[in-house]
Amino acid sequence: MTTRSTMHPEIELSGMTWDHPRGVDGLRAADDHIAAHLGATVTWEARSLLAFGDQHIADFAAEFDLLIIDHPHVPDAVNAGALLALDEHVDSAVLDQLARESVGASHDSYGYRGHQWALAIDAAAQVSAFRSDRCDGAPVYWSDVIALPKHSVLWPYKPVDAFSTFATLLAQKGHPLAQPHVMIDRDAAAAVLDFMIRLAERVPAWCADANPIDVAEVLATTDGHSTAVALFGYTNYSRPGFRPHRLAYDDVPSFDGHASGSELGGAGIAVSSATTRPQLAVAVALALAGAELQSGPYTAGGGQPGNLRAWRSEARNAETANFFRNTLRTLERAWVRPRVLGWPDLQLAISHVVHDALTSRRFTPGTLDILESLAEKHLKEPIV
């Protein structure tokens with residue numbers, strides 16, 4: 001998939017993003033601003049959501065000037081020499097302002113080894129979605145979810161999303177993954193896996209192979225379900241006309257009603273070390289992450305911003321059934337995956353172990369042994 005500006009400035013940059021309206025449309029909507037103010041246009045290619053989460057940045061960085069990336073991939077990309085350190089090209093006051101305007105820890109999640117490697121242009125976490133024409137709101141507590149009629153609730157738990165819910169629930173239990181010297185608390189992990197198996201028994205069988213987009217599509221296009229939980233928010237589905245039924249979003253369920261611990265997702269814009277126009281590429285990244293574009297054409301055009309000014313905007317909330325206002329608490333209290341070398345491979349390995357437990361509806365002490373052993377196998381530096 002490729003997007004181009006209708007204008008033809010002298011300089012053209014190349015970029016890699018991910019293939020969904022949320023990942024592409026906001027960038028396309030910003031084209032004219034970038035052309036008018038910076039004399040450049042960006043040709044964006046898009047890769048699948050699965051590749052966005054699993055593929056190493058170094059595999060494709062050399063082909064592009066700009067990269068839309070997931071923060072856990074930063075250490076491996078830095079170790080491969082694939083990214084520019086933005087703090088070496090941008091005044092610290094500018095970065096400080098972006099940090100202040102960040103939705104939760106979105107900006108800080110792209111920091112590693114004392115440098116800033118990307119700027120938050122998209123913010124997300126696991127939240128809830130519901131059909132306001134079919135129910136009165138999203139469940140507040142996990143006990144509310146379990147009490148809902150069987151198969152009325154949806155939950156995506158293909159391996160990568162099973163991992164995300166596992167991480168969210170551990171954080172909500174007060175024992176987040178990847179603490180120094182304690183990768184996984186065995187007692188908490190056992191309690192969480194037991195709860196996730198109960199949850200898996202309450203949702204349709206196809207959820208085992210579904211991601212948040214799959215679930216949102218079903219919820220927004222059919223009438224068999226009323227709500228979905230522990231799925232990353234997609235503001236596109238809360239906009240009128242995007243799908244036959246408009247979704248409303250709210251905080252992630254929790255055990256205590258405080259909506260904390262949700263795994264932070266989102267995306268950042270980075271500059272490839274292979275670019276031949278670093279100053280221009282950095283300028284484009286700054287523009288796309290800045291409040292003017294984030295609160296204006298980027299979000300109005302279908303993007304899901306990382307800038308707090310956009311999340312607080314009355315206009316942007318009016319367009320999205322208060323998506324931003326209703327989920328901001330979850331974002332601000334989210335759990336951030338560590339930036340540590342080898343994390344993407346560790347996350348993938350954990351996801352399959354958890355998914356196997358859910359699909360088989362059982363786990364053993366040996367399952368916990370495997371989970372404990374994976375960090376030593378995949379991580380290449382200590383968690384600090």
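The paragraphs below lead through a predicted model, from its strands and helices to its aromatic rings and a few single residues.

A good place to start is the open sheet, in which four strands follow one another in the order β9-β10-β8-β11 with mixed pairing. Its edges are formed by β9 (153–154) and β11 (248–250), each of which pairs on one side only. Strand β8, covering residues 126–130, joins β11 in the antiparallel sense over three bridges, and within this pairing Ala129 stands opposite Tyr249 of β11. Two helices pack on this sheet. Helix α9 (residues 212–221) touches β8, β9, β10 (227–232) and β11, and its direction makes about 155° with that of β10. Helix α14, in turn, touches β8 and β11, and its direction makes about 25° with that of β11.

Another set of strand pairings is found around β4, which spans residues 66–69. In a regular strand, side chains alternate between the two faces of the sheet. In β4 both faces are covered, since Leu66 and Ile68 on one side are buried, as are Leu67 and Ile69 on the other. Strand β2 (residues 11–18) pairs with β4 in the parallel sense over two bridges, and the bridge partner of Met16 in β4 is Leu67. Strand β12 (residues 267–271) pairs with β4 in the antiparallel sense over four bridges, with Gly268 of β12 as the bridge partner of Ile69.

The loop between β4 and α4 (74–79) holds His73. With a relative accessible area of 3%, His73 is buried, because a residue counts as buried when that value is under 20%. Leaving aside residues up to four places away in sequence, His73 touches Phe52, Gly53, Asp54, Gln55, His56, Ile57 and Pro344.

The next step is a pair of helices. Two packed helices are described by the angle between their axes and by the distance between those axes. For helix α10 (residues 278–289) and helix α11 (residues 291–300), the axes come within 5 Å and cross at roughly 65°. The residues that meet are Ala287, Leu288 and Ala289 from α10 and Ala291, Leu293 and Gln294 from α11; by class, this contact has five nonpolar residues, one polar residue and no charged residues. Of the residues in α11, Leu293, Gln294, Ser295, Gly296, Tyr298 and Thr299 are buried, and just after this helix Gly302 takes a positive phi of about 120°.

Aromatic rings offer another route through the model, which has twelve aromatic pairs. One of them is formed by Trp142 and Phe195, whose rings lie 5.4 Å apart, centre to centre, with 70° between the planes, an edge-to-face arrangement. Because Trp142 belongs to helix α6 (residues 142–147) and Phe195 to helix α8 (residues 186–200), the pair ties together parts that are 53 residues apart in sequence. Both Trp142 and Phe195 are buried. A further pair joins Trp311 and Phe323, where the ring centres are 6.1 Å apart and the planes stand at 50°, so the pair is tilted. Here Trp311 is in helix α12 (residues 308–312) and Phe323 in helix α14 (residues 323–332), so the pair ties together parts that are twelve residues apart in sequence. Trp311 counts as buried at 2% relative accessibility, and Phe323 also counts as buried at 2%.

Elsewhere, ring pairs link Trp18, Tyr234, Tyr237 and Phe242 into a cluster. Phe242 from this cluster also has a charged neighbour, for Arg243 lies over its face at 4.1 Å from the ring centre. A lysine is placed in a related way, with the charged end of Lys173 sitting over the ring of Phe255, 4.3 Å from the ring centre.

The last stop is helix α8, where Ala200 is found. Ala200 counts as buried at 0% relative accessibility. Not counting residues up to four places away in sequence, Ala200 touches Trp155, Tyr157 and Arg361. By contrast, Ala200 and Leu280 are 80 residues apart in sequence and 48 Å apart in space, C-alpha to C-alpha.

Notes:
Residues numbered from 1 in each chain as written. Heavy atoms only, no water. Phe/Tyr/Trp six-rings, centres within 6.5 Å; stacked < 30°, edge-to-face > 60°. Buried < 20%, exposed > 50% of the residue type's maximum accessible area, 1.4 Å probe, protein only. Lys NZ or Arg CZ within 6 Å of the ring centre and 35° of its normal. Axes fitted to C-alpha atoms, helices over the stretch in contact; angles between N-to-C directions. Contact = heavy atoms within 4.5 Å. Nonpolar A, V, L, I, M, F, W, Y, C, P; charged D, E, K, R; others polar. Pairing = 2+ DSSP bridges.
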